[in-house]
Amino acid sequence: MTEDEKRAITSRERVALNFIDKYGEEALRSMLQHFSDGTSHQVVANELGVSRERVRQWRRLMGTTITVYNVHPEVRRYLFE
């Protein structure tokens, strides 16, 4: 990667590339899967040998968490008949 290319990447990309350099691509895949699965930060931290806080920072930097609330059908039927 040239110096111009390095300057052109976003901070997210830079963190991801630094993560891959230090831990490997498979570790990044694994961590992102843990984030999707809702695995605790402590479990991920233990796997990587870092703090929970560092995992929390990576989680916020590398993606977005969306929480969805679904009403159970047996409750919904009383509201939308």
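# A tour of a six-helix predicted model

Among contacts in the protein between residues at least 6 apart in sequence, 36% join residues at least 24 apart. Keep in mind throughout that what is on the screen is a predicted model.

**The whole chain.** Begin with the entire protein shown as a cartoon, where six helices and zero strands can be found, so that the order of elements from the N terminus reads α-α-α-α-α-α. Switching to the C-alpha trace, and turning it along its principal axes, gives spans of about 60 × 30 × 20 Å. The radius of gyration is 18 Å, whereas a compact globule of 81 residues would have one near 12 Å. If you then add a surface, about 6600 Å² is exposed, with carbon and sulfur atoms supplying 51% of that area, and 21% of the 81 residues count as buried.

**Helix α3 against α4.** Next, select residues 25-37, which form helix α3, together with residues 41-48, which form helix α4. Their axes lie 10 Å apart and the helices pack at an angle of about 170 degrees, which makes α3 roughly antiparallel to α4. To see how the two meet, display the side chains of A27, S30, M31 and H34 on α3, and of V44, E47 and L48 on α4, as these residues make the contact. Coloured by class, this contact has four nonpolar, two polar and one charged residues.

**The loop between them.** Staying in this region, pick T39, which is placed in the loop between α3 and α4. Is T39 buried or exposed? Its relative accessibility is 19%, and because buried means under 20%, T39 counts as buried. Once its neighbours within four places in sequence are set aside, T39 is in contact with H34 and V44, and both of these residues also take part in the contact of α3 with α4.

**Helix α3 against α5.** Finally, keep α3 selected and add helix α5, residues 52-62. Here the helices pack at an angle of about 85 degrees, with their axes 11 Å apart, and α3 and α5 are therefore roughly perpendicular to each other. On the α3 side, show L28, M31, L32 and F35, which meet V55, W58, R59 and M62 of α5. By class, the residues of this contact are seven nonpolar, no polar and one charged. A useful residue on which to centre the closing view is M31, since M31 is listed in the contact of α3 with α5 and also in that of α3 with α4.

Key
Residues numbered from 1 in each chain as written. Predicted model: local features only at pLDDT ≥ 70, side-chain atom pairs only at ≥ 80, totals over all residues. Heavy atoms only, no water. Axes fitted to C-alpha atoms, helices over the stretch in contact; angles between N-to-C directions. Helix = DSSP H or I, 4+ residues; strand = E, 2+ residues; numbered from the N terminus. Parallel < 35°, antiparallel > 145°, perpendicular 65-115°, else oblique. Contact = heavy atoms within 4.5 Å. Nonpolar A, V, L, I, M, F, W, Y, C, P; charged D, E, K, R; others polar. Rg over C-alpha atoms; globule rule 2.2 N^0.38 Å. Buried < 20%, exposed > 50% of the residue type's maximum accessible area, 1.4 Å probe, protein only. Areas by Shrake-Rupley, 256 points an atom, 1.4 Å probe, with all protein chains shown as cover.
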